[in-house]
Amino acid sequence: MPTPVSPEVAVLDERDASAQQLPDFSTEAYKDAYSRINAIVIEGEQEAYDNYMALGTLIPENKDELAKLAKMEMKHMKGFTSCGRNLGVTADMPFAKKFFGPLHQNFQKALKEDRVVTCLLIQALLIEAFAISAYHIYIPVADPFARKITEGVVKDEYLHLNYGELWLKNNFEASKEELFAANKENLPLIRSMLDQVASDAATLHMEKEDLIEDFLIGYQEALSEIGFNMREIARMAAAAL
Ligand code: PL3
Ligand code: FE2
Ligand code: FE2
């Protein structure tokens, strides 16, 4: 007689098996998708460096702290560059520049007009929450080299998100209206970036639903930490629908 297996154990086994299904990193399909995803991450880290340096001019009292955050972004950029090199992939940088174009333009416009709240929402909340969710979902399906690098990076990204949360929390009442407007204008851009990256991410065994879920949890937690109530957060998240 076979040994009876409890249903709980059977379900657990199944979930573990699917979670540990690693892609074949050497196929042309994997490398092709990686050439775009790797470029997006390299460009994102480079722009994050530029954005924190620029924020230092808008918030001179935090100039040194912002320069420290910027320096971490430069390190991330170099780390992800080595991930591509390790797999023998050439990053498609023109694609990544276009990918970030609309968000980049909105940041630059806000910077010119000294709208520090909008700049913080774009870089320290939206981009960081996007990066944290992407890195979370990537780590279990990454090659061992990239996994180690991404684990180090994601720790830093929380410091960046926390910086933005704290500044906006300390200036909440004066920032509220600008935050609503900046969210309405920029959250749909994140949504469309997710749509654009979904099929390449799937090739890397990253599911779009997992990315959206992780992103929305992180972003909504940040909004709550800053001081928004549940109704306001729901209204802000609805801008992505
Ligand atoms: C700022 O610290 C980081 C900015 C980077 C933004 C990256 C967004 C990535 C979305 C695409 C999914 C990537 C999977 C991760 C692969 C390394
Ligand atoms: Fe980073
Ligand atoms: Fe960051």
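The legends below describe close-up views of a predicted model.

Residues are numbered from 1 along each chain as its sequence is written, and chains are lettered from A and ligands numbered from 1 in the order in which they are written. Because the model is predicted, local features need pLDDT of at least 70 and side-chain atom pairs count only at pLDDT 80 or more, whereas totals for chains, interfaces and linings use all residues; side-chain values use heavy atoms, with hydrogens and water left out.

**View 1. Coordination of the iron ion (ligand 2).** Four residues, Glu45 (OE), Glu73 (OE), His76 (ND1) and Glu157 (OE), coordinate the iron ion (ligand 2) at 2.0 to 2.2 Å. Donors are N, O and S atoms within 2.8 Å of the metal (3.2 Å for Na, K and Ca), and sites may look incomplete because water is not among the atoms. Along the sequence, the spacing of these donor residues is E-x27-E-x2-H-x80-E. A distance of 3.3 Å separates the iron ion (ligand 2) from the iron ion (ligand 3), and Glu73 coordinates both. Glu45 belongs to helix α2 (residues 28-58) and Glu157 to helix α6 (residues 144-170), so the pair ties together parts that are 112 residues apart in sequence. Helices are DSSP runs (H or I, at least four residues), as are strands (E, at least two), and they are numbered from the N terminus. Glu45 is buried, with a relative accessible area of 2%, and Glu157 is buried at 1%. Here buried means under 20% relative accessible area, exposed over 50%, and partly exposed in between (1.4 Å probe, protein chains only).

**View 2. The surroundings of ligand 1.** Among the 17 residues around ligand 1, those that come nearest are Glu45, Glu73, Glu128, Glu157 and Met206. A residue is counted as near if one of its heavy atoms lies within 4 Å of the molecule or strand. An oxygen atom of ligand 1 is 3.2 Å from an N or O atom in the side chain of Glu45. For the side chain of Glu73, the corresponding separation from an oxygen atom of ligand 1 is 2.9 Å, and for that of Glu157 it is 2.8 Å. Taken alone, ligand 1 exposes 530 Å², of which the protein buries 99%. Accessible areas come from the Shrake-Rupley method with a 1.4 Å probe; for residues, only the protein chains shown count as cover.

**View 3. A stacked pair of tyrosine rings in helix α2.** Ten aromatic pairs are counted in the model. Rings of Phe, Tyr and Trp (its six-membered ring) pair if their centres lie within 6.5 Å; planes under 30 degrees apart count as stacked, over 60 as edge-to-face and the rest as tilted. The ring centres of Tyr30 and Tyr34 are 5.7 Å apart and their planes meet at 20 degrees, so the pair is stacked. Both residues lie in helix α2, four residues apart, about one turn of the helix. Tyr30 is buried at 1% relative accessibility, and Tyr34 is buried at 3%. Ring pairs link these two tyrosines with Phe25 and Tyr138 into a cluster.

**View 4. An edge-to-face pair formed by Phe172 and Phe228.** The two ring centres are 5.0 Å apart and the planes lie at 85 degrees, so the pair is edge-to-face. Phe172 lies in helix α7 (residues 172-203) and Phe228 in the loop between α8 (208-226) and α9 (230-237), so the pair ties together parts that are 56 residues apart in sequence. Phe172 is buried, with a relative accessible area of 11%, and Phe228 is buried at 4%.

**View 5. Two residues with positive phi, Asp114 and His205.** Most residues other than glycine have a negative phi. Asp114, which is not a glycine, has a positive phi of about 60 degrees. Asp114 is placed in the loop between α4 (93-112) and α5 (116-138) and counts as exposed, at 55% relative accessibility. His205 has a positive phi near 65 degrees. The loop between α7 and α8 holds His205, which is partly exposed, with a relative accessible area of 33%.

Methods. Polar contact = N/O pair within 3.5 Å; in protein donor to acceptor, adjacent residues only side chain to side chain.
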